[in-house]
Amino acid sequence: MKGYLLAWTDGQQYGFRLEDLDHVFDLDAVYRAPGVLPAVRGVTAVGDRLIPLVDLAALIAHDRPPAALRGTGVLTHCPAGPIVFEVDDVDTVVGEDHLPLPAGWQLPWALGIARSERLVPIIDVANLAERLAPPSAVAVP
């Protein structure tokens with residue numbers, strides 16, 4: 001399925017590939033849980049499952065989320081499992097493929113860009129999920 005969903009958070013616009021999405025919903029209940037990274041706010045109920053809730057802007061910036069919960073959850077899936085990304089709002093669905101990153105752009109968490117009113121990075125959900133995984137245990141000889 002080609003295309004992407006445009007989302008806003010912290011005044012920045014990002015795109016999520018439609019093939020990585022399950023659905024978008026209003027966030028309400030969040031259950032605090034210790035996270036590997038400060039950007040992990042906790043878990044949220046989606047149907048009968050508790051799914052990790054990660055503030056997208058905080059994860060990209062290697063920071064903590066704001067005290068107040070943002071309004072929208074974007075439920076994604078990847079090989080590591082489902083993740084809900086917390087964003088301020090979603091805008092529109094665009095039914096075209098993204099473009100490659102311009103030369104010199106250093107965004108390891110982006111698959112490419114979209115052309116909106118400006119150039120919008122398209123989120124690499126699998127890459128961001130890897131940041132959330134606990135470090136592998138290292139055997140000591």
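**Exercise 1. Place Asp10 and describe its backbone and exposure.**

Step 1. Find the loop between strand E1 (4–9) and strand E2 (12–17); Asp10 is found there. Strands (E, at least two residues) and helices (H or I, at least four) are DSSP runs, numbered from the N terminus.

Step 2. Know your model. It is predicted, so local features need pLDDT of at least 70, side-chain atom pairs count only at pLDDT 80 or more, and totals for chains, interfaces and linings use all residues. Residues are numbered from 1 along each chain as its sequence is written, and side-chain values use heavy atoms, without hydrogens and water.

Step 3. Check phi. Asp10 is not a glycine, yet its phi is positive, about 50°.

Step 4. Check exposure. Asp10 counts as exposed because its relative accessibility is 52%. The cut-offs are: buried under 20% relative accessible area, exposed over 50%, partly exposed in between (1.4 Å probe, protein chains only).

**Exercise 2. Do the same for His62.**

Step 1. His62 sits in the loop between helix H1 (56–61) and strand E6 (72–76).

Step 2. Its phi is positive, near 55°, and His62 is a residue other than glycine.

Step 3. His62 has 64% relative accessibility, so it counts as exposed.

**Exercise 3. Which residues touch the most other members of the largest nonpolar core?**

Step 1. Define the core: buried Ala, Val, Leu, Ile, Met, Phe, Trp, Tyr and Cys residues joined through side-chain atoms within 4.5 Å.

Step 2. The core has 25 residues; Phe16, Val54, Leu56, Phe85 and Ile123 touch the most other members.

Step 3. Two or more residues come from each of E1, E2, H1, strand E7 (83–87) and helix H2 (125–132).
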